[in-house]
Amino acid sequence: MRTNTDAAVRLTAWVSGRVQGVGFRWWTRCRALELGLVGEARNLADRRVAVVAEGDRRACEQLLVALRGDATPGRIDEVVVQWGEARGGFSGFVEA
């Protein structure tokens with residue numbers, strides 16, 4: 001029997017700061033794949049990066065800790081987060 005903490009979830013994180021042109025999406029993809037997540041990291045026109053990750057809640061929480069950490073490329077000023085139910089439709093984790 002699965003518990004709520006093991007259920008598949010969707011993490012959407014909008015990351016602002018100096019996150020474009022510094023390898024941030026590639027770095028995020030590597031962390032997500034290491035955690036067994038699927039989804040994407042996409043540059044936005046307003047210079048933020050949108051990260052959508054689906055998988056085990058604990059793995060998504062670990063990705064969020066990494067996104068907020070000081071080992072990321074560039075500089076993170078803010079991470080805005082939204083949690084939801086996994087919707088599927090992703091194959092692997094891509095830089096979009």
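Is Arg47 buried or exposed? Arg47 is exposed, with a relative accessible area of 54%. The close-ups below come from a predicted model, and Arg47 gets the opening view.

**View 1. Arg47 sits in the loop between S2 and S3.** Strand S2 covers 38–43, and Arg47 comes after that strand, in the loop that leads to S3. Look at the backbone here: phi of Arg47 is near 80°, a positive value in a residue other than glycine. With 54% relative accessible area, the Arg47 residue counts as exposed.

**View 2. Asp46 and Arg48 pair up in a salt bridge.** The closest N and O atoms of Arg48 and Asp46 are 2.7 Å apart. How accessible are the partners? Arg48 is partly exposed, at 27% relative accessible area. Asp46 is partly exposed too, at 45%.

**View 3. Glu40 and Arg42 make another salt bridge.** Here the N to O distance is 3.1 Å. The two ends of this pair fall into separate classes: Glu40 is buried, at 16% relative accessible area, whereas Arg42 is partly exposed, at 37%.

**View 4. Glu54 and Arg10 form a salt bridge between two strands.** A search of the whole structure turns up 6 salt bridges, and the one between the side chains of Glu54 and Arg10 has an N to O distance of 2.7 Å. Why is this pair worth a close-up of its own? Glu54 lies in strand S3 (residues 49–56) and Arg10 in strand S1 (residues 8–18), so the salt bridge ties together parts that are 44 residues apart in sequence. Glu54 counts as buried, at 5% relative accessibility. Arg10 also counts as buried, at 12%. As general background, side chains of opposite charge can pair when their charged atoms come close.

**View 5. Phe24 and Trp27 stack in helix H1.** The whole structure has 1 aromatic pair. That pair is Phe24 with Trp27, and it is stacked, at 6.2 Å centre to centre with 25° between the planes. The two residues are 3 apart in helix H1 (residues 24–34), which means they are separated by about one helical turn. Phe24 is buried, and Trp27 is as well.

**View 6. Helix H1 turns buried residues toward several partners.** Which residues of H1 are buried? They are Phe24, Trp27, Thr28, Cys30 and Ala32. The buried residues of this helix pack against S1, S2, S3, H2, S4 and strand S5 (93–95). Past the end of the helix, H1 is followed by Gly36, whose phi is positive, near 80°.

**View 7. Gly21 lies in the loop between S1 and H1.** Gly21 is exposed, with a relative accessible area of 83%. Try picking out Arg75 in the same view: Gly21 and Arg75 are 54 residues apart in sequence, yet 11 Å apart in space, C-alpha to C-alpha.

**View 8. Helix H2 lines up its buried residues on one face.** H2 runs over residues 57–68, 12 residues in total. At 1.5 Å a residue the helix should span 16 Å, and its end C-alpha atoms are 17 Å apart, which agrees. Which residues of H2 are buried? Ala59, Cys60, Leu63, Leu64 and Leu67 make up the set. Seen down the axis of H2, these buried residues fall within an arc of 145°, so they line one face of the helix. That buried set packs against S1, H1, S3 and strand S4 (75–85).

**View 9. Arg57 places its charged end over the ring of Trp83.** The distance to look for is 4.1 Å, from the charged end of Arg57 to the centre of the Trp83 ring. Arg57 belongs to helix H2 (residues 57–68).

**View 10. Thr72 is a buried loop residue.** Thr72 has its place in the loop between H2 and S4. With a relative accessible area of 10%, Thr72 is buried. What does Thr72 touch, leaving aside its neighbours within four places in sequence? Thr72 is in contact with Phe24, Trp27, Ala66 and Leu67. Two of these names should look familiar: Phe24 and Trp27 are the stacked aromatic pair. Leu67 has also come up before, as one of the buried residues of H2.

Conventions. Residues are numbered from 1 along each chain as its sequence is written. This is a predicted model: local features need pLDDT of at least 70, side-chain atom pairs count only at pLDDT 80 or more; totals for chains, interfaces and linings use all residues. Side-chain values use heavy atoms; hydrogens and water are left out. A salt bridge is a side-chain nitrogen of Lys or Arg within 4 Å of a carboxyl oxygen of Asp or Glu. Helices (H or I, at least four residues) and strands (E, at least two) are DSSP runs, numbered from the N terminus. Buried means under 20% relative accessible area, exposed over 50%, partly exposed in between (1.4 Å probe, protein chains only). Rings of Phe, Tyr and Trp (its six-membered ring) pair if their centres lie within 6.5 Å; planes under 30 degrees apart count as stacked, over 60 as edge-to-face and the rest as tilted. A charge sits over a ring if NZ of Lys or CZ of Arg is within 6 Å of the ring centre and within 35 degrees of the ring normal. The expected span of a helix is 1.5 Å times one less than its number of residues. The arc is that of the directions from the helix axis to the C-beta atoms. Contact means heavy atoms within 4.5 Å.
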